[in-house]
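The following exercises invite the reader to study a structure step by step. Please attempt each task before reading its solution.

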Amino acid sequence: MTQIRNIVILTGAGISAESGIDTFRDAGGLWEQHRVEDVATPEGFARDPELVQRFYDARRKAVQQVAPNRAHEALAQLDRAWEGELLIVTQNVDDLHERAGARRVLHMHGELLSALCSSCDSRHEWREPLSERPACPGCGQPALRPDVVWFGEMPYQMDRIYAAIRRADLFVSIGTSGAVYPAAGFVRDAREFGARTLELNLERSEGSYWFHESRQGRAGELVPAWVEHLLMPS
Ligand code: BV8
């Protein structure tokens, strides 16, 4: 095994499933008879802001009632112990990585517990509903929306993500179906720059083909075992 120094970890809804948060595959289409792709778009928000705000209000409330699981805790332990570079790029909008103690976390699709003002572009930690159209603490306008990246919008901090992928010796994808881009393409970028690639997922995903190694199982089992092995003195 070549010396591993710099690690990029991509996580998806599957890492939060055992905490009781529905994945998109489970929730897709089940939510008020709307496909997530229809409500998680700027067009959907313009069409029916109340419906979209309610979709996110329900998820913002739910995320405050669940706890991190063994997979989040194992990644937090790795983050604390790893002396090389490490970046957890998460597609998830929950705060379970942080609540487990991870620090080097990047939310490429935004965060449920943050509100973005469409009028003054300010961001505010937000734990309450937005469907009541509260005033923006920055400019006073009733223009707050969920601070999440919808389909058709630019994911956050892409330059920082690609810079980390270029330097990675190891790219690990955990709990994602590999259905949404550009996240689903990161494994190919990582391979191109010479990283070893590993997938930990409940089932084979749309991206499994691109990984050097793909292990199937629950994140709560696979991730602690992988971290323990990685931290074992070589
Ligand atoms: C962009 C935030 C330009 C909001 C989300 C045609 C072809 C290719 C691409 C496109 C296309 N048409 C349009 C596009 C672009 C589009 C896209 O990819 N569409 C898809 C539908 C084809 N992408 C975009 O619009 C993105 N922006 O492209 O801008 C650009 C391009 C390049 C560079 C810069 C800019 C923005 C997309 C972001 C959308 N926002 N979330 C919110 O949360 O509401 S997407 C959302 O769904 C997630 O964030 C995640 O990214 C995505 C998929 O979810 P997963 O996390 O993978 O979850 P899923 O349920 O799908 O899978 C769960 C997995 O876990 C499963 O495999 C399951 O087996 C496993 N699992 C379950 N339980 C467990 C488990 N694993 C382990 N243990 C368990 N216990």
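Three exercises follow, each with a worked solution, and they concern a predicted model.

**Exercise 1. The surroundings of the ligand**

Task: Determine which residues come nearest to the ligand, and describe the shell around the ligand.

Solution.
Step 1. The ligand is surrounded by 33 residues, of which Tyr56, Gln91, Gly152, Thr176 and Ser177 come nearest.
Step 2. Sorted by class, this shell comprises 16 nonpolar, 11 polar and 6 charged residues.
Step 3. Polar atoms are then paired. The side chain of Glu18 places an N or O atom 2.8 Å from a nitrogen atom of the ligand. For Glu153, a backbone N or O atom lies 2.8 Å from a nitrogen atom of the ligand. An oxygen atom of the ligand is 2.7 Å from a polar side-chain atom of Thr176.
Step 4. The ligand on its own exposes 1,500 Å², and the protein buries 76% of that area.
Step 5. Helix H1 (24–27) and helix H4 (49–63) are the elements that contribute two or more residues to the shell.

**Exercise 2. The nonpolar cores**

Task: Establish how many residues the largest nonpolar core has and which elements supply them.

Solution.
Step 1. The largest nonpolar core has 26 residues, and Ile9, Leu75, Ile174, Val223 and Trp226 have the most contacts inside it.
Step 2. At least two residues of this core come from each of strand S1 (7–11), helix H5 (70–81), strand S2 (86–90), strand S7 (170–174), strand S8 (196–201) and helix H9 (219–231).
Step 3. H9 provides the largest share, 6 residues.
Step 4. Val223 serves as an example: with residues up to four places away in sequence not counted, Val223 touches Ala71, Ala74, Leu75, Ile174 and Leu200.
Step 5. There is also a second, separate core of 18 residues, which includes Leu87, Leu106, Ile161 and Ala190.
Step 6. A general tendency may be recalled here: in soluble globular proteins, nonpolar side chains tend to be buried together.

**Exercise 3. The setting of Ser205**

Task: Decide whether Ser205 is buried or exposed, and identify the residues in contact with Ser205.

Solution.
Step 1. Ser205 is located in the loop between S8 and strand S9 (213–216).
Step 2. The relative accessible area of Ser205 is 16%. Buried means under 20%, so Ser205 is buried.
Step 3. Apart from neighbours within four places in sequence, Ser205 is in contact with Thr176, Ser177 and Glu199.
Step 4. With Glu199, the side chain of Ser205 forms a side-chain polar contact of 2.4 Å.
Step 5. Thr176 and Ser177, contacted by Ser205, are also among the residues that come nearest to the ligand.

Methods: Residues are numbered from 1 along each chain as its sequence is written. This is a predicted model: local features need pLDDT of at least 70, side-chain atom pairs count only at pLDDT 80 or more; totals for chains, interfaces and linings use all residues. Side-chain values use heavy atoms; hydrogens and water are left out. A residue is near a molecule or strand if one of its heavy atoms lies within 4 Å of it. A polar contact is a pair of N or O atoms within 3.5 Å; within protein, one must be able to donate a hydrogen and the other to accept it, and residues adjacent in sequence count only if both atoms are side-chain atoms. Accessible areas come from the Shrake-Rupley method with a 1.4 Å probe; for residues, only the protein chains shown count as cover. Helices (H or I, at least four residues) and strands (E, at least two) are DSSP runs, numbered from the N terminus. Ala, Val, Leu, Ile, Met, Phe, Trp, Tyr, Cys and Pro count as nonpolar, Asp, Glu, Lys and Arg as charged, and the others, Gly among them, as polar. A nonpolar core is a set of buried Ala, Val, Leu, Ile, Met, Phe, Trp, Tyr and Cys residues joined through side-chain atoms within 4.5 Å. Buried means under 20% relative accessible area, exposed over 50%, partly exposed in between (1.4 Å probe, protein chains only). Contact means heavy atoms within 4.5 Å.
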